[in-house]
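Trainee: Could we go through how the labels for this model were assigned?
Mentor: Happy to; let's have it in front of us.

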Amino acid sequence: MCGITALFAYRSDAPPVNPVEVERITQRMFARGPDAGGVYLSADGRVGLGSRRLAIIDLHEEASQPLTDVEGDLTIVFNGEIYNHRELRTRLEKRGARFRTTSDTEVLLQLYRHHGRSMVQLLRGMFAFAIWDSRERKMFVARDPYGIKPLFFSDDGRTIRIASQVKALLAGEAVSRTHDPAGIAGFFLLGSVPEPFTMFESIRAVEAGTAFFIDENGRGVVWRYAPIASVLEHAESQRHIARLVPPRVLLRELVTESIDYHLVSDVPVGAFLSAGIDSTTLVALANAPIHTVTILFDVFRDREFNETREADEFARQRGAPHTTRVVTRDEFVADMPKIFDAMDQPTIDGVNTWFVSKAAAEQKLKVALSGIGGDELFGSYTSFSRIPRIVAAVHAAQHVPLGSRALSGALATMRRTNPKTKRITTYGGTYAGAYLLQRGLFMPEELPSIVGEEVAEEGLRRLSIVEHIAGVLNPAPSTPYGRVAALEASLYMRNQLLRDTDWASMAHSLEVRTPLVDASLLRQLAPVIVEHGQRCKYEFANAPEPPLPPSIRTRPKTGFVTPLRDWMDLPPDGTSTRIRQWSRIVYEQFR
Amino acid sequence: MRILILCTDAFGGHGGIALYMRDLVTALVADERCEEVVVVPRKVSRPFDALPPKVTFHAESARGAASYVGTVARLRRERFDLVICGHLNLLPFARALSPKPLLFIYGIEAWQPVRRAVPFIQSCGGVVSISEITLRRFRDWSSFRCPSHLLPNAIHLDEYLVVPKPREERRVLMTLGRLAGRERYKGFDEVLEVLPSLPNDVVYIIAGDGEDAPRLRKRAKELAVADRVIFTGFVREEEKAALYASADAYVMPSRGEGFGFVLLEAMACGLPTIGSKHDGGREALRDGLLGTLVDPTSPAEIRAAIVDALEFGTRARPEGLDYFAFDRFVERTRAIIDDVMRGTR
């Protein structure tokens, strides 16, 4: 896990790469990799690579980055973990590949040498990297299918600058700080900035599941090598496979395999534990005792959000080390400046992950497993039932006699005080529109009053939010479940959960691994989840032997809520958590 | 020792279970303690050669359900030291003949609950599974916790030859298996999907017959590789050797194999072999020691493994294949019988 920098002055009329800029960008990401750092500058000054390294696999100095291969013509900066690096290495050695370290980083270099760009489809893991190929004078850039690891770039037409964080690119002082209305609009509509947009016009995200080359002509065609929607769409023709084995058994086998891969490490691995099904099942399925960490916000001590009793009991039964860490308002207030400094882009979430990561780091953990992804796989969100209902109701209202009755049913699922209710017939006719209704923080019509007419109009025009959402359904899965799963994984999880997990954990030099967010697992499980839908959650809870205790299996889903309403004394805003008010406070930090 | 085997098919039968049963019978009669093995098949679909010594084969039981029931009823009057149930579906009959039959399980037939067998499973004296994956999946739904044993397929290495491939310009991939329309787990589709991305000189032999053939032909056309896919239709035993000899690599990215005996055959013929990480193929390839394991859901992995096999594979039996040699099968069978007989005393 690292923070990486790559600068390539690809056009001949571009000034050479400034080593000071490389250093500045890289140094801004010190917390992402406190163990080692390094810079590579090509002899002709056209390429600069930088890295801050959090050493997890192969702790030796020779594995530090930027890393050049044995042949001396490929150099890489890499952020992430390749969980199948050992099997890839064995196969490469049969092809004659030579290595000088045992790191996964070097495997990437040899894999590129032997397979070219298609190497990315052979990786199991989370990754964002740039490989400088000095033989052909081109750079290869790629990011993992789910977008677990971040990567951003700024391309001025002559030089491309790439880094793990938006704020790091800005720290280089060569990138414009002009705000992007589309990024601002995206934040207020969805609660996080949807990629590829950022808060700055000149900075874009390397999109999840894409790869591209950069040569003297600039960025080449972007290759979308792993759209989540296509996996779910393909799975619909694979249902017969799901019928071969009971779902509980397949879930146990495949998730256990994923956990085993995610435990590959040369340092101890811990886990975040709540009393929810996903994290407890992960810990229960792990083949080794894992140090677990739970947090308790003190104001929740006597409320339904307090999960510590069940989590403590579960951990006690497992017999592994367990830590419950209490977080108070005072600590939150004291940490707020650091939280906003670490927050790479505005987001309405992430404070919870900040504190659980802090607690894990205090326990000297360098790696922690998280149950993120279970809700998207197993359909735990209300969106899985509500979105298809809204779409069906609006269609019925439009095309069927007595359709208004169906629409009233859908309206009843949303509070009438919510501004979204008024917009159901405007947006609810498509999955993309209904998703906006379900996940939206504010409605497009509300933006002018928040960010002003001009920014709202320009931002909404450039963002085209409904088309943007619809874009992730390509190809569109034919089942409602498949569509909502694709939307949640490609939008909410990618832009919010995974981004928040990244900045909040890396600020504490903690690597968070997500066994349920794994493209290989998704491919294998997709026929099962398409066939069995939301029943998978029940089957998942029964997958461990023995199954999870009833107190956890039957516990209502509460979410990982932060008591911002109490701590910040936020005024009413139409939401139970006052999250709209919080979004305005967050936005102020990025203006 | 007198042993009774109830099975779906054995001598005069086609397919993996018939072969396994023949090997089992042969291994049992090789045990000097064994006086007689009585075999009651449900099906006999073709003529068969002479039976091994000490074997009584009730071919008449295969004439129909009534014949089978009649044979079983007659055999109830006889005394056997051990009753082997060769298929879950036959467990009610086995239970009628013995209070503690020894159950044999293979693949997908044991991965899901079998209603007619459920009431009788807990009374089994033991279970013999062809693979760990089948045993694990069987145990999950059956809650069977009594003694269990592993008895993987055997390969008669002396019946196969590693011969050089006849000179030809094409490079040949091959998968052998029944083209089942309902299950579709052999991995034919997965190989077809990557064929367009392989060099044009690579052709694919789909060896076997079944109701899924028209769909696979259609898929080959859709992928514009119809001219690079050869459907052999039904393959007779005596044709197999030539088929393996014509291939450069055996590829089976399957998801429903209990073990994958054909992988052993391919390796015995010296073919570089690609199997699945996610079914019994993993055990046939001994966790990758004997061949390459791939994730059957990953076209990129399948493609890379095929390219490696075609470019770097050698025509030789892999070291460690003798783990599955028939004499080892005989040893394992004897050990299981020892164990079971100890338990019945």
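**From values to labels**

Mentor: Keep in mind that this is a predicted model. A place to begin is P475(A), which sits in the loop between α21 (465-470) and α22 of chain A.

Trainee: What makes the peptide bond from N474(A) to P475(A) stand out?
Mentor: That bond is cis, its omega being near 5 degrees. The bond from E545(A) to P546(A) is cis too, with omega near -5 degrees. As for its location, P546(A) lies in the loop between α24 (535-541) and α25 (550-553) of chain A.

Trainee: Why does E173(A) count as exposed?
Mentor: The cut-off for exposed is 12 or fewer C-beta atoms within 10 Å. E173(A) has 12 C-beta neighbours inside 10 Å, so E173(A) counts as exposed. This residue is in the loop between α4 (166-171) and α5 (181-190) of chain A, and its phi is positive, about 65 degrees, although it is not a glycine.

Trainee: And how do you know whether S143(B) is buried or exposed?
Mentor: By the count again: S143(B) has 10 C-beta neighbours inside 10 Å and therefore counts as exposed. Phi of S143(B) is positive as well, near 55 degrees, in a residue other than glycine. Its loop runs between α5 (132-142) and β7 (148-150) of chain B.

Trainee: Which residues have the most contacts inside the largest nonpolar core?
Mentor: A130(A) and I5(B), in a core of 303 residues. Helix α22 (residues 480-506) of chain A gives the largest share, 14 residues. Leaving aside residues up to four places away in sequence, I5(B) touches several residues, including M21(B), V25(B), I84(B) and G86(B).

Notes. Residues numbered from 1 in each chain as written. Chains lettered and ligands numbered in written order. Predicted model: local features only at pLDDT ≥ 70, side-chain atom pairs only at ≥ 80, totals over all residues. Core = buried A, V, L, I, M, F, W, Y, C linked by C-beta atoms within 7 Å. Buried ≥ 20, exposed ≤ 12 C-beta atoms within 10 Å, placed from the backbone. Helix = DSSP H or I, 4+ residues; strand = E, 2+ residues; numbered from the N terminus. Contact = placed C-beta atoms within 7 Å.
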